[in-house]
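I opened this notebook to record what I looked up in the model, one topic at a time. Where does the lining of a pocket come from, and how do the neighbouring strands connect?

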Amino acid sequence: MAEPSKQMSLGLSVYKLGYHRGAWRMPDFPHDGMMSLDAFAKTARDAERAKLDFIFFADIMAVENLESPNRDIALEHFVVKLDQIVALSALASLTRHIGLIGTISTTYAHPYRIARMMASLDVVSGGRAGWNVVTSYSPDEMRNYGLAAPLEPAVRYGRAHEAIDVVRGLWASWQDGAFVQDKAGGRYLDRSRMQVLDHKGTHFSSKGPLDIAPSPQGCPLIVTAGESPAALDLAARYASIQYAPTNGDLALARAAYRATKARVVELGRTADELRIMPGLMPIVGETEREAIAKRDQIRKLVHPRNGLGMLEPLLGDLSRLDIDAPLPRSLEPPKDKLGGAAWALFDRAVAEGLTIRQTYEAMSDGEWWFMTRVGTPKSIADEMEEWFTTGAADGFNILPHYMPGGVDDFVGLIVPELQRRNLFRREYRGSTLRELLGLPRPNTSR
C-alpha cells in the first residue's frame, strides 16, 4: 500500500472495562469492576505509554435494562459505574498527554452546567478534554430524570443543536488576553475582552459569561456518535471527532466517509476538521489460532440466559428451544426490525447452520454494533491500514473485549505493528488534545 501522508488517530473506549458480555468473568478482570479507579488509571497509563490520542468514556446514567423482560441485569458487569466526569478529573492528575473525552447528555443537562464541567476538566488537564455529545433515548435514564415518556427525536436533536451553540458561546466568554493580572495597577482582567452571551432560545436561556478561563487549547473539542441523518448532521456541523457507525463493510464505510466529509465542507468547515473514527474491537494473538482461542474463551463465559436475552427482542422467546440446535429459518423477523449488520448476522447464522448458542455468542462479540476482528497483529493492522489509506476512516476508537487483557494485547502487539508501518506516532508532539489530533486552537472571539 502507498505510504500514508498522515498518521491515523487512535482512541481507547474504557467505559465498560470491556465490551464483550463475558468480560467480567475473565480471571484477571478487576474484582471491584467498574467502581475501580485503579483499573481505569492502569488503562489510562497503558494507553498513554502507547501514545494513543485519547481515552473515551461513554455513559448511560441509569441501571440499564432494569425492567426489561429480556435481560437479567444480575448477569452483567456494568450495572454500577463511576460518574465519568469525576473519574476523568482524577485521571487528569495521573496522566500528562493523553486526551480525556467524557459524555454529557443535552437532554438532561443545562448548557451552562455542561460548559462549566467540561471547561473545568479542560483546565485541570492542561487542555486535554473533549465533550461527547449525546441526546439520550434510554427509558431507564428517562425515568431517572422524571420524564413519563421519551422525548421525540426532533425535540432531542433540537435541544442538542441549541445546547452546543450555547456551550460554545459560553466557552468564548473570555478573549485571549482578558486576564491581565496587573498587580501594580490593581486590575485583574480587561473587561472589554469579556463577552456576555445573553442567550434566550427555544429550549434554554443562559446569561453568561462562563466563570472558567480558557485552557491552553482554548476550549474542549466536541465528539458525536450515531447513524441517523440527524446524528450525522450534528457530526458534520460541530464535531472534531465522529465515533462513526459501521458494520465492518469497507465499501459502505468509504461511501459514508465521503458523504460525511462532503457535508462538513457544505457547512463551511474544512474536511480535516472532522476525524472519522469507527469503533473496532480487536481480539489479537501471536497466531491466528491463539486469537481464535481467546475469542472462544470469552464467548464461553456468556451466560445462556444473558445470551437468550440478547436474542429475544429480535427473535422472540427461545428459552424452550434446544440452544445447541441450529437456529431455525422460521424465526426470521421482519427486516425493518433488524436492519444492517443485525440482519446480516441472522442471515449468516442460518446459512452456516449456527446453533442458537453460537448465534448469541457471535452477537456477544459485538459484530452488529461495530467492527470485531480476530487475528494476528499483521492481519488486523492490514485491515486498519486499508481502511485508513483508502478513505474509510481517519483512525479508530478501540473497544477492548475485556480489560486489562484486551488493552495489553492491543498496545503490546498491534500498536508496534502500526508504528513499524509509520501509520501511528512513536512519540507525542504537543501537549493538548487538539495538538495531538492536528487541529487548530479555536478563536475565542465571537
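**Entry 1, the second largest pocket.** I am working with a predicted model, and I began by asking which elements line the second largest pocket: α5 (153-171), β7 and α6 each supply at least two residues of that lining. Helix α5 gives the largest share, with 5 residues. The lining of the second largest pocket counts 26 residues in total, and I noted R168, C219, R434, P442 and N443 as those that lie nearest its centre. Sorted by class, this lining holds 12 nonpolar, 6 polar and 8 charged residues, and the space in the pocket comes to about 570 Å³.

**Entry 2, from β7 to β8.** Since β7 is among the elements that supply the lining, I followed the chain onward from this strand. Strand β7 covers residues 221-225 and pairs with β8 in the parallel sense, over 3 bridges; A225 stands opposite Y243 in β8. Between these two strands the chain passes through helix α6 (residues 229-238), and I recorded this β-α-β crossover as right-handed.

**Entry 3, strand β8 and its other partner.** I then checked which way the side chains of β8 (residues 241-244) point: I241 and Y243 go one way, Q242 and A244 go the other way, and all of them are buried. Strand β8 is also joined to β9 (residues 275-284) by 4 bridges, and these two strands run parallel. In β9 the bridge partner of Y243 is M277, while in β7 the residue opposite Y243 is A225. The chain gets from β8 to β9 through helix α7 (residues 250-266), in a β-α-β crossover that is right-handed.

**Entry 4, helix α9.** I compared the span of α9 (residues 304-315) with expectation: its 12 residues reach 15 Å from the first C-alpha to the last, close to the 16 Å expected at 1.5 Å a residue. I listed its buried residues as N306, G307, L308, G309, M310, L311, L314 and L315. After α9 comes G316, whose phi is positive, near 90 degrees.

**Entry 5, G126.** My last look-up was a glycine in the loop between α3 (111-124) and β4 (129-134), namely G126. Why does G126 count as partly exposed? Its relative accessibility is 28%, so G126 falls between the 20% limit for buried and the 50% limit for exposed. I also took one distance, C-alpha to C-alpha: G126 and L82 are 44 residues apart in sequence and 23 Å apart in space.

Key:
Residues numbered from 1 in each chain as written. Predicted model: local features only at pLDDT ≥ 70, side-chain atom pairs only at ≥ 80, totals over all residues. Heavy atoms only, no water. Buried < 20%, exposed > 50% of the residue type's maximum accessible area, 1.4 Å probe, protein only. Pairing = 2+ DSSP bridges. Right-handed = clockwise from strand over helix to strand, strands pointing away. Expected span 1.5 Å × (residues − 1). 1 Å grid on protein atoms, 1.4 Å probe; cavity = no way out; pocket = protein on both sides within 12 Å on 5 of 7 lines; lining within 4 Å. Points joined across faces, edges and corners; volume = space filled by probe spheres on them. Nonpolar A, V, L, I, M, F, W, Y, C, P; charged D, E, K, R; others polar.
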